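Here is a short briefing on one protein model. Look over the whole chain, then turn to a single residue.

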Amino acid sequence: MKIKHLLIAMLMLLPSLFSQAQTVGIKSNLLGDAMLSPNLGLEFGLAPKWTLDVSGEVNFWDVDNHRWRHWYVMPEARYWFCEKFAGHFIGLTGIAGRYDIGNLGKFNINDKFLGTDYHLLKDGRARGWGFGAGFDYGYAWPVAKHWNIEAEIGIGWIWTKYREYPSLNAPKSAASPYKYHNYVGLTKLAVNVEYLF
């Protein structure tokens, strides 16, 4: 419930930020698009060197009998070293979302990576939710009067609560009791195309 309240509060703040913003950008992450996960981001100028970026992604379908269903939202406060929407920036990001992922065996996933065991995802699936935070670094290239290309990478922590299923289509009765996990590693990778108003 706390995550829902946080998301509702953020959405209620967006109109007030929009009215005070000096510049607004709308963007899409090409890497998410390539993975068939539609995404959208809005970025609001708050001060000469500060912006607020709110991005999200959704995927509610299976591809080739592999499950990659998820949604998430990532609000990020950004500090720009020169001026907003151009050059180097760093950010502090919040993360919240749900996932249902599995049957990824053909992708040859390592059993363990950075303390996270991915073995179950080869033939089974995991379903749960999580939240966390991260630090990001990026660079924006203005390519036209209203257009930017932006690259960004982030590392951070995500706490997740999930249930394991022995196969992709196993019934709820086959699920494990709830498990908990702390993930530390890559939390953001983006190549954005952004239109500035």
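What distance does the polar contact between the side chains of D62 and R69 have? It is 3.0 Å. This is a predicted model, where local features need pLDDT of at least 70, side-chain atom pairs count only at pLDDT 80 or more, and totals for chains, interfaces and linings use all residues. Residues are numbered from 1 along each chain as its sequence is written, and side-chain values use heavy atoms, with hydrogens and water left out.

**Whole protein**
- The protein has two helices and eleven strands. Helices (H or I, at least four residues) and strands (E, at least two) are DSSP runs, numbered from the N terminus.
- The pattern along the sequence is α-β-α-β-β-β-β-β-β-β-β-β-β.
- Of the 197 residues, 41% are buried.
- About 11,200 Å² of the protein is exposed, and carbon and sulfur atoms supply 68% of that area. Such areas come from the Shrake-Rupley method with a 1.4 Å probe; for residues, only the protein chains shown count as cover.

**Where D62 sits**
- D62 belongs to strand β4, residues 62-63.
- D62 is partly exposed, because its relative accessible area is 30%. Buried means under 20%, exposed over 50%, and partly exposed in between (1.4 Å probe, protein chains only).

**Partners of D62**
- Beyond its neighbours within four places in sequence, D62 is in contact (heavy atoms within 4.5 Å) with R67 and R69.
- The side chains of D62 and R67 share a polar contact of 3.1 Å.
- A polar contact is a pair of N or O atoms within 3.5 Å; within protein, one must be able to donate a hydrogen and the other to accept it, and residues adjacent in sequence count only if both atoms are side-chain atoms.
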